[in-house]
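Let's take a look at how two chains sit against each other, and then at a metal site. Keep the structure open while you read.

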Amino acid sequence: MTFVQVRYGATDSFITMPDGSVHYIFGFVDLTGVPENEIFARRGKATLLAPLLEVRVGDRVELTLTNLGMPQRPDLDDSHTIHWHGFPNQISLWDGVPETSIAVPVGRDFIYYYEPKDPGTYMYHCHFEPVEHIQMGMVGPLIARPADYNPANPLFKTAYGAGTGTEFDREYFLLISELDPVAHEQVHRVQEFDWSEYRPAYWLINGRAYPDTLHTAPDGDLSQQPYHSLIQANAGEKVLLRFINLGFEEHAITILGLPLRIIGRDAQLLRGLHGEDLSHWRDVLYFGAGQTVDVIIEPQQPALYPLFNRGYHKNTNAGATPGGMMTHITVYPAGTLPPQPGPGF
Amino acid sequence: MLVSIELWARPGIVSLPGGFPAVIWGLATSPTAAPQVPGPVLEATVGDMVEITLHNMLNEPVSLTFPGQEIAPEPVLDASGRLVSLTRFAAPGRSVVYSFPAYRPGTFRYESGTSPERQVQMGLYGALIVRPAGWDDPASPNYYTAYGADTGSGYDVEAVILLSEFDRAAHEVIATGDVYNPLNYAPQYWLVNGRPFPDCVAPPDTSTQPLTSRVPVLVGQRVLLRLINSGFLAHTLAFQEGPARVVAEDGRPRRSPLLDATYDKNAITLGAGQSADLVFTPPEGEHYLYDRDLLHLVNTDDYPGGMMALVDVRTAFPVTPPEAPSSLTATAALPGQVELTWINNAADEDGFVLERRTGAGPFLRVTTLMVGATAYTDTHVEANTTYTYRVLAFNLAGTSAYSNEAVVTTLP
Amino acid sequence: MPTQATANGSPTIHLRAVDGYIITPDGASIYIWGYRDETGRAAQLPGPTIIVNQGDTVTIKLTNELRENVSLMFPGQNGVFRLTNRGAVPVGPIYENGRLVSLTDYVPPRGTVIYQFVASQPGTYIYHSGTEINKQVPMGLYGVIIVRPAGFDPLDPATWSAYGPETDTEFDREYLLVVAEIDPVLHEAVRLGKPYRPSTYRPRYWTINGRCAPDTMLPDRATYLPHQPYGSMIMAEPGERVLIRYIGAGCDAHPLHPHGNHTRVVALDGRLLRNGTQDLSHKHFTVLVGPGQTYDQIFQWDGLGYDPVTNPIPTPIPNLRNQAIGDVGWTMWSGSPYLGQKGDIPIGVTSLNVTGEYYFMLHSHSEPQITNWGEFPGGMMTMIGIFPVGTLGPEVGRLQRNSRANSTRERR
Ligand SMILES: [Cu+2]
Ligand SMILES: [Cu+2]
């Protein structure tokens with residue numbers, strides 16, 4: 001059991017799409033370990049996605065949210081919150097819903113506290129005017145590891161605990177969302193946006209559109225979009241894909257040549273009331289906003305397997321193709337890649 | 001056994017309700033046959049080796065993917081490492097061969113892997129059915145099952161119900177070679193097996209839209225519906241009455257020796273690219289299966305239309321096609337419409353197909369009418385235009401000859 | 001209010017298809033078509049909840065007070081008949097002049113039609129019009145049928161379950177959440193008798209039980225919502241089993257996400273997720289409710305046990321003056337982190353909290369749907385109130401015949 005302390009700041013910044021377009025975002029920036037006198041310098045440095053929050057069942061987690069304000073929108077005094085989406089048996093104080101507890105005003109801190117009990121794939125996001133703050137980018141992936149998780153021992157390197165049939169060799173999270181450039185532009189220009197007119201033009205994995213999804217190297221243009229989604233593995237390995245839908249649409253995700261073994265949904269091992277094993281295979285994963293799905297793929301042949309949205313019209317960057325919600329799964333001969341240091345790398 | 005299939009990707013014309021032509025890219029079974037939308041239903045049995053040769057008669061590279069099959073993808077990348085095609089393609093005038101073992105039974109799809117946002121919309125998609133070994137052997141426990149013995153997939157009658165959407169504006173842009181913007185995707189037609197309602201309940205034919213969505217069933221028979229969503233959007237298909245049992249999803253049975261995970265469903269959602277196999281024993285009568293997104297029950301904006309299929313359950317089937325209608329008359333009494341009447345000479349028809357041609361063009365289907373129809377008003381006509389109409393009657397035994405042709409010139 | 005269903009296994013319900021108006025929190029008045037029962041004066045949204053017992057022969061009379069044909073469909077029920085002078089005839093699609101005019105037997109204006117079926121399976125079902133369904137259902141002609149399992153006794157909590165004994169669907173309180181969308185342009189076109197183009201469908205309001213947030217949280221039969229009688233505030237005490245029935249009555253899918261805890265989905269479309277002793281239920285934090293679908297779920301909040309004495313909140317609670325509370329002028333928070341306690345709320349902010357209960361939002365995670373015409377907060381959102389043990393009366397969260405639907409405590 002570990003006492004985990006993290007600190008995130010709420011602020012703004014800009015992101016870049018593969019067509020060179022630049023979009024204003026709200027988001028979180030990692031302040032963990034940043035000295036107090038350097039906090040102010042992190043204003044305007046939000047990232048899409050927000051930092052991966054990785055915890056373990058049994059941990060005690062203190063998450064401090066600091067509202068740094070929006071340098072691009074000094075007029076805006078919105079509060080922010082953090083909502084751990086799907087946390088079982090939450091109490092309202094730490095649920096991050098302004099209407100049912102508190103929100104954090106500009107210049108203030110608040111400490112959220114969690115004792116995770118159920119492993120799985122979650123998400124977190126701001127719940128202040130959520131239609132705006134989620135679309136603007138205040139979204140992040142959240143992994144709760146089982147209490148017995150031990151990456152050094154293959155029997156204990158699992159998504160849901162030893163003996164649950166969820167062993168994996170590598171893991172990636174894929175947080176999928178959409179971007180409506182008009183909404184972002186209107187917010188930047190202090191204009192009202194009618195959210196019933198929401199109509200995305202970019203479809204993203206981990207905050208990037210194809211082919212930026214493939215860029216593993218730190219990249220100047222992608223400085224505020226830290227997470228690539230190039231999936232790499234050796235033949236014969238089990239690869240855990242943690243899908244998180246934090247867009248507003250349903251999506252149909254498929255990998256040409258690789259069936260998907262669905263082992264968990266919404267941070268729950270797929271088991272019936274009496275332990276019935278409900279894991280199953282699909283070729284296309286169809287899921288809605290606010291859902292997570294844990295999938296294990298087991299590529300046997302070295303090859304490039306494309307991952308894309310089967311709603312083919314979404315594999316675009318504002319009309320240009322290919323683009324959008326696509327990435328590659330590159331499988332090498334057995335033994336080529338060294339063990340993975342952490343999720344998504 | 002080696003199953004060798006040759007397909008020709010070619011442009012063609014489909015007929016949309018109202019008698020409107022639209023350009024499609026379909027798959028034909030010979031270089032001179034009509035290209036089909038959807039492509040032909042490909043069939044194989046577990047243990048077969050399937051070899052498909054695609055001949056490209058289009059002006060751009062074309063390919064086929066076989067999702068769910070054991071076939072390592074061979075994506076084509078450009079110099080910057082960006083996907084050009086999801087799999088190997090045939091250049092215009094060339095051919096490409098794909099082969100894979102039919103290693104497990106199921107309901108699958110195949111479709112273009114090159115600019116799929118354009119080519120799949122244009123019509124390059126279809127169903128692939130793999131049957132268990134012994135499915136046609138009365139001595140086999142797999143006889144007339146979709147997934148083999150003890151999977152709950154036994155049936156007497158089967159039907160493919162393949163869903164897709166049709167954006168006429170997209171077809172126009174793509175067919176002329178203009179740049180297509182997928183953000184503009186906004187279908188006006190919602191198809192089952194390549195046709196919208198009511199044309200989907202007309203008999204199978206040899207046109208570019210050869211498949212029907214009328215499923216004839218005798219009372220007491222078990223029906224296997226092989227649902228496939230080849231569209232880009234999710235669709236929820238609803239039954240009017242009781243539910244059907246979902247026995248497989250994406251070509252994988254939900255029942256194993258350890259666990260029976262089959263379940264009943266009244267309104268089943270298929271995300272883009274998904275498939276499901278449903279089994280049920282419907283009572284006598286007509287049962288529509290319809291898109292529960294009710295806004296998809298239109299052709300352009302005309303209701304009823306769109307994504308419907310008909311399970312037609314009877315105690316007996318007719319054995320002879322109906323008599324042909326006669327005395328077809330076409331009158332242009334008012335601007336913007338043509339009044340049609342005919343004499344129905346059949347006693348046992350299920351309906352009528354009304355066709356027209358403009359000038360010397362090909363006959364296109366205007367609409368399909370149900371039992372007893374003797375009149376129709378065609379409101380989708382241009383002014384000062386000469387149309388030739390003809391009508392036939394159909395039932396489950398086949399179609400009648402055409403009626404006389406009636407020629408009319410519309411008012412200014 | 002749930003409709004009278006007399007005892008003895010043969011309830012008769014009389015519905016009328018009528019028009020009326022609903023109101024939205026942003027002040028719009030929207031013309032609707034809907035069903036009402038004998039107690040109502042105008043259309044209500046959704047229609048009256050019909051509660052019957054498994055095995056009942058259910059007779060539903062429909063009187064048409066609209067200007068066009070209407071009907072009732074009962075998806076999930078097999079063997080629906082229309083009672084005529086000649087006896088009971090199975091319902092089915094209706095054709096006139098060769099055209100499909102209704103998916104089921106309809107009644108013309110000023111007429112009455114009588115439907116009958118045996119409610120053979122317990123569960124949650126939808127009823128809606130089967131005529132011009134792409135217009136009439138979005139206009140509001142929909143409602144819910146609940147079939148109680150055999151042995152259910154409304155007076156004996158020990159018998160309360162969704163699907164009968166040994167099905168692990170026992171509950172202490174139950175709530176019904178019917179979700180749908182509204183495109184006001186459709187409603188205005190129908191009111192004015194003008195044409196409407198389904199291809200222009202664009203919902204601006206998203207409803208739970210016919211209401212948009214924050215009206216969803218108001219009590220049942222709030223006087224200022226005379227035609228939207230059903231609230232959707234969920235209230236329970238810690239550890240109680242809460243049956244939440246989701247029903248998708250609109251045309252779109254809605255990802256419904258309750259805060260506080262997961263729900264265990266025990267049935268789909270009125271069918272228990274169980275084969276013999278094998279259980280297929282599963283816990284979700286978001287359930288994607290497709291059109292025409294129903295989901296029965298058990299929700300339970302049993303808390304982490306924070307207590308000011310034995311297990312105090314382990315983090316510093318900041319001075320509330322430094323935090324944002326009730327930015328919109330009100331809050332549902334008690335001012336205390338502890339269940340059953342109240343704390344100070346900043347001056348000028350109204351607390352809607354009754355007795356230190358916790359509130360958890362339940363909402364569509366397709367977040368544009370939690371707006372009223374684009375403005376947050378609104379739309380498809382409500383709250384789950386977890387009340388201190390012993391503070392909720394037995395009348396809360398009961399759906400009963402001849403009585404209130406979601407009995408809701410009046411909040412100050
Ligand atoms: Cu925020
Ligand atoms: Cu959320």
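## Where chains B and C meet

In this predicted model, chain B and chain C bury about 3400 Å² between them. Carbon and sulfur atoms make up 56% of that area. On the chain B side, the residues that lose the most area to chain C are B:R292, B:L295 and B:Y303. Together, those three account for 21% of what that side buries.

How many residues are in contact here? Chain B brings 39 residues, and they touch 40 residues of chain C.

## Charges and polar contacts

Now for the pairings across the interface. There are three salt bridges between chain B and chain C. In a salt bridge you can look up yourself, the side chain of B:K265 meets that of C:D269, with 2.8 Å from N to O. Polar contacts turn up too: 22 residue pairs across this interface.

Which parts of chain B supply the touching side? Several strands give two or more residues each, including strand 14 (235-239), strand 20 (285-291) and strand 25 (364-370) of chain B. Sorted by class, the side of chain B that touches chain C has 24 nonpolar, six polar and nine charged residues.

## A copper ion held by two chains

Next, find the copper ion (ligand 2). Its coordinating atoms come from A:H85 (ND1), A:H125 (NE2) and C:H365 (NE2), at 2.0 Å. The two chain A residues sit 40 residues apart, with A:H85 in strand 5 (residues 83-85) and A:H125 in strand 7 (residues 120-125) of chain A.

Are A:H85 and A:H125 buried or exposed? Both are buried.

Note on methods
Residues numbered from 1 in each chain as written. Chains lettered and ligands numbered in written order. Predicted model: local features only at pLDDT ≥ 70, side-chain atom pairs only at ≥ 80, totals over all residues. Heavy atoms only, no water. Contact = heavy atoms within 4.5 Å. Buried area = accessible area lost by both parts, 1.4 Å probe. Salt bridge = Lys/Arg side-chain N within 4 Å of Asp/Glu carboxyl O. Polar contact = N/O pair within 3.5 Å; in protein donor to acceptor, adjacent residues only side chain to side chain. Helix = DSSP H or I, 4+ residues; strand = E, 2+ residues; numbered from the N terminus. Nonpolar A, V, L, I, M, F, W, Y, C, P; charged D, E, K, R; others polar. Donors = N, O, S within 2.8 Å, 3.2 Å for Na, K, Ca; no water. Buried < 20%, exposed > 50% of the residue type's maximum accessible area, 1.4 Å probe, protein only.
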